[in-house]
Amino acid sequence: MPANAQVIETNVNEEQQEFLTFVLGDENYALDIMTVKEIRGYENVTKIANAPDYIKGVLNLRGDIVPIIDLRIKFQVGKVTYDEFTIVIMLMIGDRVVGIVVDEVSDVIKVNENDIKPPPEFGIAFDSAYLHGLTTISDQMIILVNIQKLISSDELGLYDKNITAESK
C-alpha cells in the first residue's frame, strides 16, 4: 500500500449481535442466539399440578429437568397445536435450561446495534419490559425479545427470587 494511502473503515467497529428469529402468530420475533442450546420438535411432557396453562410441564433432557413454556399461550398469539411441526427452542438462561414453544423458527440474523429501535409501549403481545427493541430486515419488522429478562421474571415464576437476586 502506498505511504500516502488512507484506510477508510465504515461500520467495521459497529457492534453486531446475532439473533434467532421465530414466529408467534403473525408476528416475527428474535432472541439472542447465545441463549439457544438447541432446537427440537415438541415431545410429550410431564404435567405439573396447578401450573399456569402456558407452562406445559417438564421433560428430562439428558438429565436436566426442563420446564416447557408455550409462548403462544402466554401471549395469546398464534394457533396452539402440538404435532410433528411444533417447535421447542431450548434456552440456557443463567445455569438453567428452559424450553419455549413457538410456531416456527425462521433464520439467524445479524443486527447492528444502531439498527435497533426502542420498543413502543403498546400494540404488541409482549410487555415492553421484556423487549430489547425492534429492527427491520427486508421490510419485515422483527421484535427483539430480551428472553433472559422474560424467563427470569416474577411473572413466569420459574426462578426462586432469592436465587436470581444472588446471581445478578
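Start by selecting strands β9 and β10, which form a hairpin with 2 residues between them, and look in the turn for Ser138, whose phi is positive at about 50 degrees. Keep in mind throughout the tour that this is a predicted model. With the hairpin still selected, follow β9 (residues 131-137) along β10, since the two pair in the antiparallel sense over 6 bridges; one pair to label is Leu131 and its bridge partner in β10, Val145.

Next, add strand β2 (residues 27-32) to the selection, and you will find that 4 bridges join β2 to β10 (residues 140-145), the two strands running parallel. Here Tyr29 is the residue to label, together with its bridge partner in β10, Ile143.

Now move to the open sheet, where 5 strands are arranged in the order β3-β6-β7-β5-β4 with mixed pairing. The edges are held by β3 (36-41) and β4 (55-61), each of which has a single partner strand, so one side of each is left without a neighbour in the sheet. If you look across the strands, neighbouring ones are turned by 25 degrees against each other on average, direction ignored. At the β3 edge, select β6 (residues 87-93) as well: 5 bridges join β3 to β6, and the pair runs antiparallel. Within this pairing, Ile39 stands opposite Ile89 in β6.

Ile89 leads on to the interior. Which residues have the most contacts inside the largest nonpolar core? They are Phe22, Leu71, Ile89, Ile100 and Ile147, in a core of 27 residues. At least two residues of this core come from each of several elements, including β1 (16-24), α1 (71-74), β7 (96-102) and α2 (147-151), while the largest share, 4 residues, is supplied by β6. Centre the view on Phe22 and display its surroundings: leaving aside residues up to four places away in sequence, Phe22 touches, among others, Tyr29, Leu31, Leu71, Ile89, Val102 and Val145. A second, separate core, made of 10 residues, can then be located through Val45, Val66, Val88 and Val97, which are among its members.

From the cores, go to Asp70, which is placed in strand β5 (residues 64-70). Is Asp70 buried or exposed? With a relative accessible area of 0%, Asp70 is buried. Show its side chain together with that of Tyr82, and a polar contact of 2.5 Å can be seen joining the two. The side chain of Asp70 also meets that of Arg72 in a salt bridge (2.9 Å, N to O), and Arg72, like Asp70, is buried. Beyond residues up to four places away in sequence, the contacts of Asp70 are Tyr54, Lys56, Val80, Tyr82 and Val101.

For the last stop, consider the charged side chains, bearing in mind that the structure holds 5 salt bridges. Select Glu38, Arg40, Glu43 and Arg62, which are linked in a network of salt bridges. Within the network, the side chains of Arg40 and Glu38 meet at 3.0 Å, N to O, and both of these residues are buried. Glu38 also forms a salt bridge with Arg62, the closest N and O atoms being 2.3 Å apart. Because Arg62 lies in the loop between β4 and β5 and Glu38 in strand β3, this pair ties together parts that are 24 residues apart in sequence. The two ends of the pair can be contrasted by their accessibility: Arg62 is exposed, with a relative accessible area of 60%, whereas Glu38, at 19%, counts as buried.

Notes: Residues numbered from 1 in each chain as written. Predicted model: local features only at pLDDT ≥ 70, side-chain atom pairs only at ≥ 80, totals over all residues. Heavy atoms only, no water. Pairing = 2+ DSSP bridges. Axes fitted to C-alpha atoms, helices over the stretch in contact; angles between N-to-C directions. Core = buried A, V, L, I, M, F, W, Y, C linked by side-chain atoms within 4.5 Å. Buried < 20%, exposed > 50% of the residue type's maximum accessible area, 1.4 Å probe, protein only. Contact = heavy atoms within 4.5 Å. Polar contact = N/O pair within 3.5 Å; in protein donor to acceptor, adjacent residues only side chain to side chain. Salt bridge = Lys/Arg side-chain N within 4 Å of Asp/Glu carboxyl O.
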